[in-house]
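Here are my notes on this model, point by point. Please read them with the structure open.

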Amino acid sequence: LGDVYKRQYIKMSQLKITAEDVFSLAMLGFFASLVVPFIAMAVPVTTSPDGHILTLAQASSVVALGTMVFPVVVAALVIAYPVYVASLVKVRIAGSAPLAVLYIVIYLRSSPSLESAIAFAARNVPGPLGAELRALQWGIATRVYTTAEQALIAFSEKVSTWAPGIADAFYLIAGSVNQPTQEKRIDMLNKAVNGILNETKHTME
């Protein structure tokens, strides 16, 4: 579960945190919010018909139940936050993907430098996808990826579970640089563009 959470949500959310940070904060929130049920059980608010002093928790079963589950709710919200952010990032990446593919393909039609094409798209594509492309560009510069092709394949694998159409388009772009002829290279680039446009059309329908 931890690996899935880290891979699918933490990395995709682009938050500058780790899964361990999230779980630690969730535990901190859980224990810190335990003060709420203690207060509810300690603070007197009314008296019973026979004259006994009742605390907030004793006076209302709803309040008692709410205060007992409150720490669990706090921890759950902390853990769910990266999931929520990741879902927003995915939506924005899906919306920007056709533009990014077009930028890369247009650049590659005039110059067969995949690294330069990624840099060109990174400068012009806004939002989370632009950030992803800039991270790929940085990874190439710092030798995290030995080639631009490897960088695009890594990104494709990252999004393949939730956006196979986007992954396929970037796979095709990465593979186009190894084609033996200009004709085959252009054909693969055209397939990438058609694939991402069809994916977008299908999503909108």
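1. A term first: contact here means heavy atoms within 4.5 Å. Keep in mind too that this is a predicted model. With that cut-off, and leaving aside neighbours within four places in sequence, Phe120 is in contact with Tyr103 and Tyr107. Phe120 sits in helix 6. Phe120 and Tyr107 are 13 residues apart in sequence, and their C-alpha atoms are 7.5 Å apart in space.

2. Is Phe120 buried or partly exposed? Buried means under 20% relative accessible area, and exposed means over 50%. Phe120 has 22% relative accessibility, so it counts as partly exposed.

3. Now the overall build. The chain holds 10 helices and two strands. Along the sequence, the order is α-α-α-β-β-α-α-α-α-α-α-α. In that pattern, three helices precede the two strands, and the remaining helices follow them.

4. Some totals for the chain. Of its 205 residues, 36% are buried. The accessible surface is about 11700 Å², and carbon and sulfur atoms account for 65% of it. Take the contacts between residues at least 6 apart in sequence: 54% of these join residues at least 24 apart.

5. Which residues have the most contacts inside the largest nonpolar core? They are Ile166 and Ile173, in a core of 39 residues. Six elements give two or more residues to this core: helix 5 (61-110), helix 6 (114-124), helix 7, helix 8, helix 9 (164-176) and helix 10 (182-204). Helix 5 provides the largest share, 10 residues.

6. Look at Ile173 in detail. Not counting residues up to four places away in sequence, Ile173 touches Val101, Ile104, Val105, Leu108, Leu114, Leu152, Leu189 and Ala192. Another core lies apart from the largest one. This other core has seven residues, among them Val22, Ala26, Ala75 and Val78.

7. Next, the largest pocket. Its volume is about 400 Å³. The pocket is lined by 16 residues, and those closest to its centre are Ala131, Glu132, Ala135, Leu136 and Lys158. By class, the lining has nine nonpolar, three polar and four charged residues.

8. Which helix gives the most to that lining? Helix 7 does, with six residues. Helix 7 (127-141) and helix 8 (148-159) each supply at least two residues of the lining. Both helices also give two or more residues to the largest nonpolar core.

9. Two backbone angles deserve a look. Gln14 is not a glycine, yet its phi is positive, at about 65°. Gln14 lies in the loop between helix 1 (2-13) and helix 2 (19-32). Its relative accessibility is 26%, so Gln14 counts as partly exposed.

10. Arg143 is the other residue to check. Its phi is near 70°, a positive value in a residue other than glycine. Where is Arg143 placed? It belongs to the loop between helix 7 and helix 8. Arg143 has a relative accessible area of 57% and is therefore exposed.

Key. Residues numbered from 1 in each chain as written. Predicted model: local features only at pLDDT ≥ 70, side-chain atom pairs only at ≥ 80, totals over all residues. Heavy atoms only, no water. 1 Å grid on protein atoms, 1.4 Å probe; cavity = no way out; pocket = protein on both sides within 12 Å on 5 of 7 lines; lining within 4 Å. Points joined across faces, edges and corners; volume = space filled by probe spheres on them. Helix = DSSP H or I, 4+ residues; strand = E, 2+ residues; numbered from the N terminus. Nonpolar A, V, L, I, M, F, W, Y, C, P; charged D, E, K, R; others polar. Buried < 20%, exposed > 50% of the residue type's maximum accessible area, 1.4 Å probe, protein only. Areas by Shrake-Rupley, 256 points an atom, 1.4 Å probe, with all protein chains shown as cover. Core = buried A, V, L, I, M, F, W, Y, C linked by side-chain atoms within 4.5 Å.
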